[in-house]
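Please open the structure in a viewer and keep the selection tool at hand. The tour proceeds by stops, each with something to select.

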Amino acid sequence: MIDAFKIKALLENNSIDIRVFDVIDSTNTYLKQRPSLPITPVACIAETQTQGRGRFERNWHSPKDENIYLSLSYCFNKSLNALSGLSLVVGLSVCKAIEVVCQLPLPFRVKWPNDIMVNQKKLGGILIEVYQTQAACCQVIIGIGLNINMEKARDTEILQAWTSLRLLTQTSHDRNRLCAKLLDILTQDLSHFEQNGFGYFNEAWHQKDMLYNQEITLLFHETLFKGIGAGVNEQGHLLLNMPNHSQQAFVSGETSLLK
Ligand code: BTN
């Protein structure tokens with residue numbers, strides 16, 4: 001069971017306000033609908049979501065008592081422009097937290113911008129939403145969905161290849177420990193990002209980049225591009241080496257490996 005007291009006891013960063021729910025529509029929506037959020041971080045975690053949301057307006061399958069559905073509101077003293085690369089940093093933090101807590105038998109990677117992947121199957125996803133911006137202040141909501149102890153789902157519930165920590169390790173995992181580690185590492189990384197920008201994470205990204213040197217497709221505003229992954233630029237935009245030998249940078253889109 002997710003337990004706010006256990007998470008707080010395990011947390012090193014005690015400035016985070018933790019709110020745990022049995023059932024909620026969406027942890028991101030909950031934080032987004034608060035009339036005012038403190039500038040200190042607030043985390044919302046739920047056992048299940050009735051309207052869990054993914055990227056590209058998809059549903060996020062959220063069965064009860066099995067996985068992690070966690071959102072964090074975080075206030076940056078930066079303008080929105082200065083936050084490019086944030087979604088990649090969050091993907092790296094999630095990987096780090098899982099690596100610290102669980103012994104995984106297989107290496108896992110991030111598929112740009114931030115799908116957590118093992119063996120080309122999705123272990124987790126991230127949805128970042130901007131809540132409020134003023135001149136030099138930006139409140140973001142970082143939503144993280146991680147498949148932890150889920151063993152089964154119908155094809156109609158999850159439309160892509162997926163896995164869970166339980167399926168990978170044949171054992172169940174303590175979600176409270178994972179949530180605490182995730183929040184500690186995430187808030188630490190967000191503060192590094194705020195001070196140093198994406199450049200600080202460049203090398204870590206390179207180590208985890210699933211698309212590097214791979215033939216991939218990218219769907220960008222209904223146009224399909226093909227190319228070879230060439231890492232990311234200083235803003236965290238995806239670089240593709242195109243068939244005509246040019247290099248193009250993409251700010252968003254959906255990527256897949258060409259088989
Ligand atoms: C994706 O499409 O890969 C992103 C999925 C993000 C899901 C998480 S679960 C917690 C938070 N609440 C939501 O409604 N969505 C995010």
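The stops below concern the ligand, a helix and two loops.

This is a predicted model, in which local features need pLDDT of at least 70 and side-chain atom pairs count only at pLDDT 80 or more, while totals for chains, interfaces and linings use all residues. Residues are numbered from 1 along each chain as its sequence is written, and side-chain values use heavy atoms, with hydrogens and water left out.

**The ligand**

Select the ligand and the 20 residues around it, each having a heavy atom within 4 Å of it. Ser 26, Gln 49, Arg 53, Arg 55 and Lys 122 come nearest. By class, this shell has six nonpolar, ten polar and four charged residues; here Ala, Val, Leu, Ile, Met, Phe, Trp, Tyr, Cys and Pro count as nonpolar, Asp, Glu, Lys and Arg as charged, and the others, Gly among them, as polar.

Next, display three individual residues beside the ligand. A polar side-chain atom of Gln 49 lies 2.9 Å from a ligand nitrogen. For Arg 55, a backbone N or O atom is 2.6 Å from a ligand oxygen. In Lys 122, a side-chain N or O atom lies 2.7 Å from an oxygen atom of the ligand. The protein covers 97% of the 420 Å² of accessible area that the ligand has on its own (Shrake-Rupley method, 1.4 Å probe).

Colour the secondary structure now; helices (H or I, at least four residues) and strands (E, at least two) are DSSP runs, numbered from the N terminus. α2 (27-32), β3 (68-76), β6 (121-134) and β7 (137-146) each supply at least two shell residues. β6 gives the most, with four residues.

**Helix α5**

Select residues 175-196, which form helix α5. Its 22 residues reach 31 Å from first C-alpha to last, close to the 32 Å expected at 1.5 Å a residue (1.5 Å times one less than the number of residues). At its N-terminal end, Asp 174 acts as a cap, with a side-chain oxygen 2.9 Å from the backbone nitrogen of Asn 176. After α5 comes Gly 197, whose phi is positive, near 80°.

**Two loops**

Most residues other than glycine have a negative phi, and most peptide bonds are trans. Select Pro 113, in the loop between β4 (108-111) and β5 (115-118). The peptide bond from Trp 112 to Pro 113 is cis, with omega near 0°. Finally, select Asn 119, in the loop between β5 and β6. Although Asn 119 is not a glycine, its phi is positive, about 50°.

Terms used. Polar contact = N/O pair within 3.5 Å; in protein donor to acceptor, adjacent residues only side chain to side chain.
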